[in-house]
Amino acid sequence: MARFNAALAVGITHGVGTMWCAYVFAVIALMSLPATIAIGTPVAIVAWIAQTFFQLVLLAIILVGQDVQTRASDARSEQEFNNTVAILDAMDVE
């Protein structure tokens, strides 16, 4: 069961962590904007921005950003490893 839960979590994270998902969330959030504006109170508008738009859209964007940062970090780590191997090989030759 733990393996299934982990696979499901990874699948959902990969699905939500796309810009396409952020666009869909933005459209969903914007669909409720007219009703919020109709209420007309500043509290309702601030609540819509913070609780609806930011939470839906920024969640997906943050996941995309983390994925980009992870890939860059992995590339740097691999390059550093390759450099270290090359230096050690050069030292062994001498």
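The following dialogue examines how several terms apply to this predicted model.

Mentor: Residues are numbered from 1 along each chain as its sequence is written. Local features need pLDDT of at least 70, side-chain atom pairs count only at pLDDT 80 or more, totals for chains, interfaces and linings use all residues, and side-chain values use heavy atoms, with hydrogens and water left out.

Trainee: How do you know that the span of helix 2 agrees with its number of residues?

Mentor: Helices are DSSP runs (H or I, at least four residues), numbered from the N terminus. The expected span is 1.5 Å times one less than the number of residues. Helix 2 (residues 19-31) has 13 residues and should therefore span 18 Å; its end C-alpha atoms are 18 Å apart, which agrees.

Trainee: Which residues of helix 2 are buried?

Mentor: Buried means under 20% relative accessible area, exposed over 50%, and partly exposed in between (1.4 Å probe, protein chains only). In helix 2, Cys 21, Ala 22, Phe 25, Ala 26 and Ala 29 are buried. They cover an arc of only 140° around the axis, so they lie on the same side of helix 2; the arc is that of the directions from the helix axis to the C-beta atoms. On the other side, Trp 20, Val 27 and Met 31 are exposed.

Trainee: Why is the contact of Trp 20 with Tyr 23 called edge-to-face?

Mentor: Rings of Phe, Tyr and Trp (its six-membered ring) pair if their centres lie within 6.5 Å; planes under 30 degrees apart count as stacked, over 60 as edge-to-face and the rest as tilted. The structure holds 2 aromatic pairs. In the pair of Trp 20 and Tyr 23, the centres are 5.5 Å apart and the planes stand at 80°, hence edge-to-face. Trp 20 is exposed at 67% relative accessible area, whereas Tyr 23 is partly exposed at 45%.

Trainee: What makes Arg 71 and Asp 67 a salt bridge?

Mentor: The term requires a side-chain nitrogen of Lys or Arg within 4 Å of a carboxyl oxygen of Asp or Glu. The N to O distance between Arg 71 and Asp 67 is 3.1 Å, so the criterion is met. The two residues are 4 apart in helix 4 (residues 42-93), and are therefore separated by about one helical turn.

Trainee: Which residues form the largest nonpolar core?

Mentor: Such a core is a set of buried Ala, Val, Leu, Ile, Met, Phe, Trp, Tyr and Cys residues joined through side-chain atoms within 4.5 Å. The largest has 7 residues: Val 16, Cys 21, Ala 22, Phe 25, Ala 26, Val 57 and Ala 60. Its largest share, 4 residues, comes from helix 2.
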